[in-house]
There are 4 protein chains.
Amino acid sequence: MTAAGPIRWPEGKQSAAAFTFDVDAESAVLWNAPGNADRMSVMSHQAYGPLVGVPRLLRMLDHHQIRSTFFVPGYTAHRYPGIVRDIARAGHEIAHHGYLHEQPSAVDLAGQIDNLDRGLDALAEVVGVRPVGYRAPMWDLSWETPALLAARGFLYDSSLMDADVPYELSITPGSAESIVEIPIQWALDDWEQYCFLPDISGSGLIETPAKARELWTSEFEGLHDEGGCWVLTNHPFLSGRPGRARQLGELMAEVKATPGVWVASLEEIAQHTRGLGLAPRSIVRPEI
Amino acid sequence: MTAAGPIRWPEGKQSAAAFTFDVDAESAVLWNAPGNADRMSVMSHQAYGPLVGVPRLLRMLDHHQIRSTFFVPGYTAHRYPGIVRDIARAGHEIAHHGYLHEQPSAVDLAGQIDNLDRGLDALAEVVGVRPVGYRAPMWDLSWETPALLAARGFLYDSSLMDADVPYELSITPGSAESIVEIPIQWALDDWEQYCFLPDISGSGLIETPAKARELWTSEFEGLHDEGGCWVLTNHPFLSGRPGRARQLGELMAEVKATPGVWVASLEEIAQHTRGLGLAPRSIVRPEI
Amino acid sequence: MTAAGPIRWPEGKQSAAAFTFDVDAESAVLWNAPGNADRMSVMSHQAYGPLVGVPRLLRMLDHHQIRSTFFVPGYTAHRYPGIVRDIARAGHEIAHHGYLHEQPSAVDLAGQIDNLDRGLDALAEVVGVRPVGYRAPMWDLSWETPALLAARGFLYDSSLMDADVPYELSITPGSAESIVEIPIQWALDDWEQYCFLPDISGSGLIETPAKARELWTSEFEGLHDEGGCWVLTNHPFLSGRPGRARQLGELMAEVKATPGVWVASLEEIAQHTRGLGLAPRSIVRPEI
Amino acid sequence: MTAAGPIRWPEGKQSAAAFTFDVDAESAVLWNAPGNADRMSVMSHQAYGPLVGVPRLLRMLDHHQIRSTFFVPGYTAHRYPGIVRDIARAGHEIAHHGYLHEQPSAVDLAGQIDNLDRGLDALAEVVGVRPVGYRAPMWDLSWETPALLAARGFLYDSSLMDADVPYELSITPGSAESIVEIPIQWALDDWEQYCFLPDISGSGLIETPAKARELWTSEFEGLHDEGGCWVLTNHPFLSGRPGRARQLGELMAEVKATPGVWVASLEEIAQHTRGLGLAPRSIVRPEI
């Protein structure tokens, strides 16, 4: 196996940066645990995302003139159609995040297909959008997903962690057909810093917004030096809270103000990558 | 579903802030785990709350001239009647927190009713109080609770997490009857920062008081900017310890000194909210 | 139930402070999990305490002229007799900590008696000491322990958490017979800050020595203001490491230099408390 | 049992320091959990180590002129032969880390022998190296390992935690035959600070690089004062990320610039230790 990159960025930029949001809402705690629907407080914790977090984040993105990517499970689109339409109307990218936040590697092939298609149908029906991007819930891509995405015309996925830059990913090892992969990483996610739902998620650790920002800034500076692609993932039910949103807003200002950084949506980053005409990389499933 | 707020605060204030205390004592570790009563050290850890924490916190609240809300499980009232009466005599609000700290969503309807009524009986018997406020133990409200509270004349609940401001909550979707909901959140709780009881609760993480305060201050500043309602929840068995109480006292001074903040008990906040004549919001249970 | 204290300290001192050490070594990970003996690395992690940590801590205590209390399980005395004798020879108090670090509340009465007596025999045999103090392993005292200690002539226990000051504890509710109790707390323990043994203990959290010291200092300052008794508990296999020992040494210097603090062993604190002629407090087991 | 050390360092140096790397890649999450191979994202998280982390770390080590030790499971050598050869070509030591990252204490004797020999075969085949050093995966040495290593001509092991300095370890208690042991510790490992793989490893805690560095620096300073041997362990899939690598690079500069520190590979440290002609230490398995 060979490593990806480095790649050239548009207009002589040194690195790229994207602020992305996973609008999981209730879906993230209902898939494989439907009994959580009985817990009204838990449901309200998740509902904060679309109801309060998303409008606040849209105002912030507008203020900082950033085009962002929102990964929206189909279930969220059905439950909060007005809010999801607001995201699209504000000019942001709507991308695919499963129907009920299903982890592909835990579902058989027929189930994976069904989840993809139900998600597509929901986004078409609610927002009239055919997404070009996909992110596996829990960043838990299956080996079958790349080919399923290519067959449905997706341009890119954003769920893998083996590079600092986007690359062309062969849909199966050795195949000339590929999708663009825009890598992410656990340290650039707000879940680990902020999420606590007793008996459901989290160790109880809840960090300060300043600590989370310090972590994300340190990796931003590192990736910028290396010519990489910094992709931050926030959840509106977590980072939409006022104290966290303030720090995130300051981080947006800092990233925008850093010379040589191309701040873009994942769709723009994927299109740029596709335009580079890179040879596809193969990732081979380990055999033991 | 639509979002709550914004709302107007009294006397031209910009935001509201409440210091609240859950006097769980032993009940929080006995419900569903009665065997913990065999552990004398564990019991003593919980007893610190009423025995030492509450008197210290009452002195602090008096010093800072803050009227607070104490959520008192019926079991605590029966075990520590003198201390619970001291809270009431100091002019603070006594509110309902179950009988033995039972999580409503984990109990059937008959059990929920029984827990509510036993809690009411205990507070009536010990302090002669008919509470107007309720908080679900573990902030784990059931979908049945709002109607049960309304039927018992409660004015408000404080267990949901889907807004930055109080609102009128329909007791069932679409109903014109409502209770006031005063939202809370996990980041404004001392349990995640401080609690460790081996085999019972906590990952082992014990944070410094300075870190906890930084977290709470960051959300206070964020909610104040947004015109929201900051509700801090402390447990006397945790935040009544001297080092933590000092930081909490400094936070009280800071919040009181911030121009435009209305520092009040939850009862006062609920009465103000009721007076606004808001249309009730419905929260619909997710169907999968 | 009524609260303890406040109490008067010797020579007009304002508060008391004790540096205590639990020399658990292997016992803490062998009791109830004998299979851990198969893991040579795990055993070596625990052995660091007596082999390296204790000599370093003894040098530090000598440098700062502090008399300390070492809680030594009988198993540790049998496995490391020379080191345990060195502790005694340096003038420190040797106290009882079970035989194989057994948690009293998890053992039946006959077992508790056996563990107490085996621990006494080991300390008598190895160091020629009849301890006056006891600390329950994992601070997990049983309701039977106080009477068992009194029957064996112990002066004090140090395992409960319901006060800021020492007190006389009735050996059973209402009894005029009592032992002195010197309370401790989880935040004044190094285990939560430092311990990680995969599959055995800890969440993986390993804090910096500066963070641990900040936590301990904040509670020291708080308890000093309140006239309380600050009891720090360190484990030589954790806090005997050089980086941690340096911070602990600086904390020793700070505590010694604080005017009005009586730095003493637990034995001295217990004797002082006994001399006050306090009425015994009863702690009643919760009934549900 | 008696403690190790102190020892004399070469050329009048005061202490020793080693930067070591465990190139676990996929093996660390596949052993005993082969189903993880189905999770493409998880595999990509591990692949980051050899693909991106190792080349970056090699550039850093070259820049700081540090010779390091890389522990390479046989499976990693087979899957990434070019990268493992690059490590060797850069002049670093290649050492043994099992075949599929098997924990010796969890495997029977025949299995342990097989894992050692398969690891040797893979390193011989891929890099043409006969390693002189061994580190047990998860630092989980078995009591049988020392003799197995000696029988295969290994000079040293680096998996135990009971000393601040290297020593000669009897291959069985009382034996005159020994291997050199170079101790490590959990606080000098990046896994606890950075690793999170849902359902696989970690509590969710992800620390900032600045916090990890503060922890490692505090122990470096402590061990330097004590004349000890500071052995830092990093995993390229974690510390190879740009933000973390920057802090690690600054730490390398700091350690190199500290007067009196001998920065060396573990092989050099083991050879120096062997040259001291120390009497072997025996570690005796605890009996209960």
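Visitor: What makes a residue part of the lining of the largest pocket, and which lie nearest its centre?

Guide: In this predicted model, a lining residue has an atom within 4 Å of a pocket point. For the largest pocket, 38 residues line it. Pro198(B), Met138(C), Trp191(C), Ile200(C) and Ser201(C) lie nearest its centre. The elements giving two or more residues to that lining are helix 1 (27-30) and helix 7 (191-194) of chain C.

Visitor: What volume does the largest pocket have?

Guide: About 780 Å³.

Visitor: How many residues of each class are in the lining?

Guide: The lining has 15 nonpolar, 15 polar and 8 charged residues. Asp, Glu, Lys and Arg count as charged.

Visitor: How do you know how chains D and A are related?

Guide: Lay chain D on chain A. The turn is 90 degrees, with a shift of 0.0 Å along the axis. The RMSD is 0.0 Å. The two copies are therefore related as by a four-fold rotation axis.

Visitor: Which residue of chain D comes closest to the rotation axis?

Guide: Ser203(D), with its C-alpha at 4.2 Å.

Visitor: What shows that the copies use different surfaces?

Guide: Contact means heavy atoms within 4.5 Å. Of the contact residues of chain D, 8% recur in chain A.

Visitor: Why is a part of chain A called "NodB homology"?

Guide: The name comes from UniProt, where an unreviewed entry places that domain at residues 39-264 of chain A. In the model, this span is 48% helix and 13% strand. Its end C-alpha atoms lie 38 Å apart.

Technical notes: Residues are numbered from 1 along each chain as its sequence is written. Chains are lettered from A and ligands numbered from 1 in the order in which they are written. This is a predicted model: local features need pLDDT of at least 70, side-chain atom pairs count only at pLDDT 80 or more; totals for chains, interfaces and linings use all residues. Side-chain values use heavy atoms; hydrogens and water are left out. On a 1 Å grid over the protein atoms alone, a cavity is a set of points where a 1.4 Å probe fits but cannot get out, and a pocket is an open set with protein on both sides within 12 Å along at least five of seven lines; lining residues have an atom within 4 Å of a point. Grid points are joined across faces, edges and corners, and a volume is the space filled by probe spheres set on the points. Helices (H or I, at least four residues) and strands (E, at least two) are DSSP runs, numbered from the N terminus. Copies are superposed by least squares on the C-alpha atoms of residues with pLDDT of at least 70 in both. UniProt positions are given in the numbering used here, feature names are shortened, and annotations may be inferred rather than shown by experiment.
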